[in-house]
Amino acid sequence: MTTLRDFENKVVLITGAATGIGRAAALAFAKRGAAIAIGDVDKRSNETVRLIEEAGGEAVFYKTDVSNKEQAAALVEQTVNRFGRLDHAFNNAGVLPPSKPFIEMDENDFDRTIAVDLKGVFLMMKYEIEMMLKSGGGTIVNTASIAGLIADPFMAPYVAAKHGVVGLTKAAGIEYASQGIRVNGVAPGLTETPMIKEWLDDPETRKVVLANVPAARMAQPEEIAEMVVFLSSSGASFAAGQTFPVDGGQTAR
């Protein structure tokens, strides 16, 4: 069973924790006693660190572009140098491409989305797993999306990247489950975060997207964060290589 002590004196590395789901997860882990290392390009991560420290926790922010091999490797190394270990990782950094029909999608937008949302997860997993093999195990949770399970129109690069994250999660999950490293994914549905503010600010778009959600509302970042915490805990000790939707029933249709 999951306990409040699962994360006491543990170290959690989170990418993309400046706002939204990443920040909510950082606060949730810190509340349970973990030290938090954040890798992000967004300086708002400093605010996440401040919130954790004000609550009595310990956190550090390293500016990191996860699509850069050297920076991804350095983030893992800096985390271990600072805290002495790496127990859990949440690979959450991501970007959204502009919403366009498939044939109008710009190659640069495609490349950037794949670089951050897919290659970035691959690189972080590579270095996290290497470190966890040395220390005897750990857990990794990757942020996919329901776009990694089904397809959304006008989002081809994102759909491709997130399907790739689901595949990477399966591949690493079956390779390392016997070596004490559990790799899983979380697939959020529509979640109220700054990343999709433009959608939420348009009443018509908001109405259309909510029409597909049986729960008839958006998720809050904290609701996704709690699934991440669970998948990282002893309560999910037999979960490996799977991606779990948290989507208000959207993909159950």
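**A parallel sheet and its packing helices**

In this predicted model, seven strands come together in an open sheet with parallel pairing, and their order across the sheet is β3-β2-β1-β4-β5-β6-β7. The edge positions belong to β3 (59-63) and β7 (243-246); each has a single partner strand, so one side of each is left without a neighbour in the sheet. From one strand to the next, the twist averages 20°.

At the β3 edge, the pairing can be followed residue by residue. Strand β2 (residues 35-40) joins β3 in the parallel sense over 5 bridges, and A37 has V60 of β3 as its bridge partner. Helix α2 (residues 45-54) packs on the sheet here, where it touches both β2 and β3, and its direction makes about 170° with that of β3. Another helix, α4 (residues 107-135), lies across four strands, namely β1 (11-15), β4 (88-91), β5 (138-143) and β6 (181-188). Relative to β5, α4 runs at about 175°.

It is worth turning next to the nonpolar interior. In soluble globular proteins, nonpolar side chains tend to be buried together. The largest nonpolar core of the model holds 32 residues, among which L13, M124, M125, I129 and I140 touch the most other members. Strands β1, β2, β3 and β6 each supply at least two residues of this core, as do helices α3 (69-83), α4 and α5. Helix α4 provides the largest share, with 8 residues. The surroundings of M125 give a closer view: leaving out residues up to four places away in sequence, M125 touches N91, I140, N142, L168, A172 and V183. A second core, separate from this one, comprises 30 residues, including A26, A30, I52 and V186.

Helix α5 (residues 156-176) also carries a polar residue that deserves a look, T169. With a relative accessible area of 0%, T169 falls under the 20% limit and is therefore buried. A polar atom of the T169 side chain lies 2.8 Å from the backbone oxygen of V165. Beyond its neighbours within four places in sequence, T169 is in contact with N142, V183, N184, G185, G241, Q242 and T243. Two of these residues, N142 and V183, appear among the contacts of M125 as well.

Conventions. Residues numbered from 1 in each chain as written. Predicted model: local features only at pLDDT ≥ 70, side-chain atom pairs only at ≥ 80, totals over all residues. Heavy atoms only, no water. Pairing = 2+ DSSP bridges. Axes fitted to C-alpha atoms, helices over the stretch in contact; angles between N-to-C directions. Contact = heavy atoms within 4.5 Å. Buried < 20%, exposed > 50% of the residue type's maximum accessible area, 1.4 Å probe, protein only. Polar contact = N/O pair within 3.5 Å; in protein donor to acceptor, adjacent residues only side chain to side chain. Core = buried A, V, L, I, M, F, W, Y, C linked by side-chain atoms within 4.5 Å.
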